[in-house]
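Please look through the model shown here, beginning with how one chain is divided and then turning to where two chains meet.

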Amino acid sequence: MPRRGCMGCSLPLIIGLLVLFIISFISGPIGSRLTGDLGFPSFFSVSQPTPQLPPETVFQLGWFNITNSIIAGWLTIVVLGAIFYAATRRVKLIPSKLQNVMEAILGWLMTFCKEVAGEENGRKFFPVVTTIFLFVIANAWLGLLPGFASITITNPYGEHVHLLRAANTDINMPLAMALTSFIVVGYFGSKSVGTKRFLGQYFNVGRLFRGVGQIFRGNLRAGLGMVFTGVIDTFVGILELLSVFIRIMSFTFRLFGNMTAGEILLLMVIFLVAWVAALPFYGLELLVGFVQALIFAGLTLVFLTVAATPHEAEAA
Amino acid sequence: MDPQAMKMLAVGLAVGLGMLGPGLGIGLIGYSAMQALGRNPEARGPIMTNMILSIAFAEAIGIYVLIVAIILAMVV
């Protein structure tokens, strides 16, 4: 057993990592500008990456292009299903290790839902929020595994493309999840306060019509006041409707931007210094994946809570 | 002016000017959260939850700028 040197790691290991870092710095593009070509073996340098925004087609099913992000999405589904199946196969009162870990994760998410949405609404919204959270975080973290940029395949067009690519970097996936979030918020809002009242938040013409009715009844001053506030209410309702659609775009671009920027960052860092320097950025990517999943699920939960809580009736 | 040079200038300006807003915004959110936490340490849960939520909104604006810069740099 090596003697516990500095920071609890053995000293030869730290020196080995430092040497690797320096060699890959010198043989990378920065070092070769500084010192000229020193003839290092070719596995110390990486070719210039060409990040592509739209995902590449791997094969075709009839008229539909199956892209590499779709295949990665299927992989995520299989992995998540397998983990949870293995955890719940023989459910015991005193849980086994895997079941314990899964119960801890789900328990934490349930506490989160109940904190934000209250006791009874928290249980209602828990499945949707948990599914979104687990899917986003599994997509993000599986995209950091080594095989995701190394396995290449030749597609029917004859190009060499990657077989797998993190599913969140294809803009269709965050868009699909944002649309699902929108539909779910509409469904739960309609179910809780009634469809008419839920839609009435956005087409808030009640006070306007009541004001016009007051004018026709001869009550001029009160009628004009109600017409004035009714016009303001109508415009506020239209702005709220607009904000619902802006919310879809915002969800999409937030998740897509964070994941794509992280992928491009990792590619660039590995191109510049090939071996050891990407480790802190992998840590950053793990954190960003977790935070983005929490934000997507948490914002969906907040909008669900707002939609399911009836506003207090305003004094006429 | 050379189109390539203009493109590089545009990308640099977009990210540089565009990140001023979100940076200041997140700083202000953190400042107010720290003040609130100092006045009322018992309300740590709701304060932190709302702070993370607000930071996510402010950060999204910075991500929009990054998308524009990436599209300018690689697609145009």
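In this predicted model, ten residues of domain 1 of chain A are in contact with six residues of domain 2 of chain A. On the domain 1 side of this contact, at least two residues each come from α1 (11–27) and α2 (29–35) of chain A, and α1(A) gives the most, with five residues. Sorted by character, the residues that domain 1 of chain A presents to domain 2 of chain A comprise seven nonpolar and three polar ones, with no charged residue among them.

The bounds of these two domains help to place the contact along the chain. According to the domain assignment of chain A, domain 1 covers 1–45, whereas domain 2 is made up of two segments, 56–193 and 246–308. The C-alpha centres of domain 1 and domain 2 of chain A lie 35 Å apart.

From the inside of chain A we can move on to its meeting with chain B. This contact takes twelve residues from chain A and ten residues from chain B. On the side of chain A that touches chain B, the elements giving two or more residues are α10 (220–272) and α11 (279–308) of chain A, and of the residues on that side α10(A) gives the most, with six. The side of chain A that touches chain B divides into six nonpolar, four polar and two charged residues. Charged residues are thus part of what chain A presents to chain B, while the side of domain 1 of chain A that touches domain 2 of chain A has no charged residue.

Notes:
Residues are numbered from 1 along each chain as its sequence is written. Chains are lettered from A and ligands numbered from 1 in the order in which they are written. This is a predicted model: local features need pLDDT of at least 70, side-chain atom pairs count only at pLDDT 80 or more; totals for chains, interfaces and linings use all residues. Domain bounds come from an automatic or database domain assignment. Two residues are in contact if their C-beta atoms, placed from the backbone, lie within 7 Å. Helices (H or I, at least four residues) and strands (E, at least two) are DSSP runs, numbered from the N terminus. Ala, Val, Leu, Ile, Met, Phe, Trp, Tyr, Cys and Pro count as nonpolar, Asp, Glu, Lys and Arg as charged, and the others, Gly among them, as polar.
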